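Subject: Structure handover

Hello,

Here is the structure you are taking over. My notes on it follow below.

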Amino acid sequence: MSTTSAEISAVVILVSPKRHAEARVLQKLVEIQCREYEIPVMLSFDEGWNNGKETLVNALKMPGGKGKRRLIIHDDILIPKGTIRKLHHILPNLPAAVFVSAYCPANKGFDEAHARGHHFLLTASNVWAQALLYPEPLIDRAIKYYEEWFLRECRYDDSVLKSFLKKHKLKVHTIVPSLVQHLGAYRSGYGFAGKAGRFRHSDIFDPNFDPESVDWPRALATAYRNEINQSDIIVDPSLGG
């Protein structure tokens, strides 16, 4: 029996030019997980201009359901069986107007948070966009900002996101351990495989993680806080510095 999701309004997959066929397979697999929640799963295609930037903006503009957040994923993400259900267990514990990430890359901040037993990492700079939930109340504001700065000034989606977060004094709440894996660490469609891609792979991906074993209000209250060099985020002159 299905029920309309109150947590996820839509899942949109960002599709690079080289992976249309793979993205359609991913869409079908994610649809199986989303069926019980009546969540639409859509594709936003890179048409080969503007370095693919319009793909994200179009994904944010697509119509969705009534959920609190829109999940935007890259086409090279592995989403294990049960991931959408796990998100529905975790998300009700968070405020409606916060960004949430389901992906932890291989870097010191995330590894330390995991080693110390934390289940949230809060950050405005150690931000990764491979599997990111955008809060619906902020999407119109993000679209306006992205169209103004991302399409003209900034090359990568995570860089303009950091700038948006700083401007509005927001942080991303990343779930620890990683609920998804980034396969593009080894076969990036945009040429980021190899050493650069290695750091986009998650060393703390755990497909067997049971969210019901966690006291989520306590996890939020004791969230690990981590910031890194932010030299790539100043695309908006009003931010200064």
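A residue is called buried here when its relative accessible area is under 20%, and exposed when that area is over 50%. The model is a predicted one.

Overall figures

The protein has nine helices and 10 strands. Of its 241 residues, 55% count as buried. Its exposed area is about 11000 Å², and carbon and sulfur atoms supply 54% of that. Among contacts between residues at least 6 apart in sequence, 82% join residues at least 24 apart.

Helices 2 and 3

By the cut-off above, helix 3 (residues 83-90) has six buried residues out of eight, so it is largely enclosed by the rest of the structure. The buried ones are Thr83, Ile84, Lys86, Leu87, His88 and Ile90. Helix 2 (residues 53-61) is mostly covered too, with seven of its nine residues buried. In helix 2 these are Lys53, Glu54, Thr55, Leu56, Val57, Ala59 and Leu60.

Nonpolar cores

The largest nonpolar core has 45 residues, and the members that touch the most others are Ile8, Val11, Leu87 and Phe120. Leu87 is also one of the buried residues of helix 3. If residues up to four places away in sequence are not counted, Ile8 touches Ile39, Gly67, Lys68, Arg69, Leu71, Ile84, Leu87, His88, Leu91 and Leu133. Another core lies apart from the largest one; it has 26 residues, including Val12, Val127, Tyr146 and Leu165.

Two buried strand residues

Ala131 is in strand 7 (residues 131-135). With a relative accessible area of 1%, Ala131 is buried. Not counting residues up to four places away in sequence, Ala131 touches Leu71, Ile72, Ile73, Val100, Ser101, Ala102, Tyr103 and Val180. For one of these, Ala102, the C-alpha atom is separated from that of Ala131 by 5.6 Å, although the two residues are 29 residues apart along the chain.

Thr174 belongs to strand 8 (residues 172-175). Its relative accessibility is 2%, so Thr174 counts as buried. Neighbours within four places in sequence aside, Thr174 is in contact with Ser101, Tyr103, Cys104, Phe110, His119, Phe120 and Leu121. Phe120 appeared above among the core members that touch the most others.

Second largest pocket

The volume of the second largest pocket is about 380 Å³. It is lined by 18 residues, of which Leu29, Val30, Gln33, Ile79 and Lys81 are the closest to its centre. Helix 1 (20-34) and strand 4 (77-78) each supply at least two residues of the lining. Helix 1 gives the most, with seven residues. By class, the lining consists of nine nonpolar, two polar and seven charged residues.

Backbone and loops

Most residues other than glycine have a negative phi, and most peptide bonds are trans. Which places in this model depart from that pattern? Three are listed here.

- The peptide bond from Val176 to Pro177 is cis, with omega near 5°. Pro177 sits in the loop between strand 8 and strand 9 (181-182).
- Glu38 has a phi near 55°, a positive value in a residue other than glycine. Glu38 is in the loop between helix 1 and strand 2 (41-45), and at 45% relative accessibility it counts as partly exposed.
- Lys169 also has a phi near 55°, positive in a residue other than glycine. Lys169 lies in the loop between helix 6 (157-167) and strand 8. With a relative accessible area of 76%, Lys169 is exposed.

One further loop residue is Asp46, in the loop between strand 2 and helix 2. Is Asp46 buried or exposed? With a relative accessible area of 6%, Asp46 is buried. Its C-alpha atom and that of Val15 are separated by 5.8 Å, with the two residues 31 residues apart along the chain.

Regards

Note on methods:
Residues numbered from 1 in each chain as written. Predicted model: local features only at pLDDT ≥ 70, side-chain atom pairs only at ≥ 80, totals over all residues. Heavy atoms only, no water. Core = buried A, V, L, I, M, F, W, Y, C linked by side-chain atoms within 4.5 Å. Buried < 20%, exposed > 50% of the residue type's maximum accessible area, 1.4 Å probe, protein only. Contact = heavy atoms within 4.5 Å. Helix = DSSP H or I, 4+ residues; strand = E, 2+ residues; numbered from the N terminus. 1 Å grid on protein atoms, 1.4 Å probe; cavity = no way out; pocket = protein on both sides within 12 Å on 5 of 7 lines; lining within 4 Å. Points joined across faces, edges and corners; volume = space filled by probe spheres on them. Nonpolar A, V, L, I, M, F, W, Y, C, P; charged D, E, K, R; others polar. Areas by Shrake-Rupley, 256 points an atom, 1.4 Å probe, with all protein chains shown as cover.
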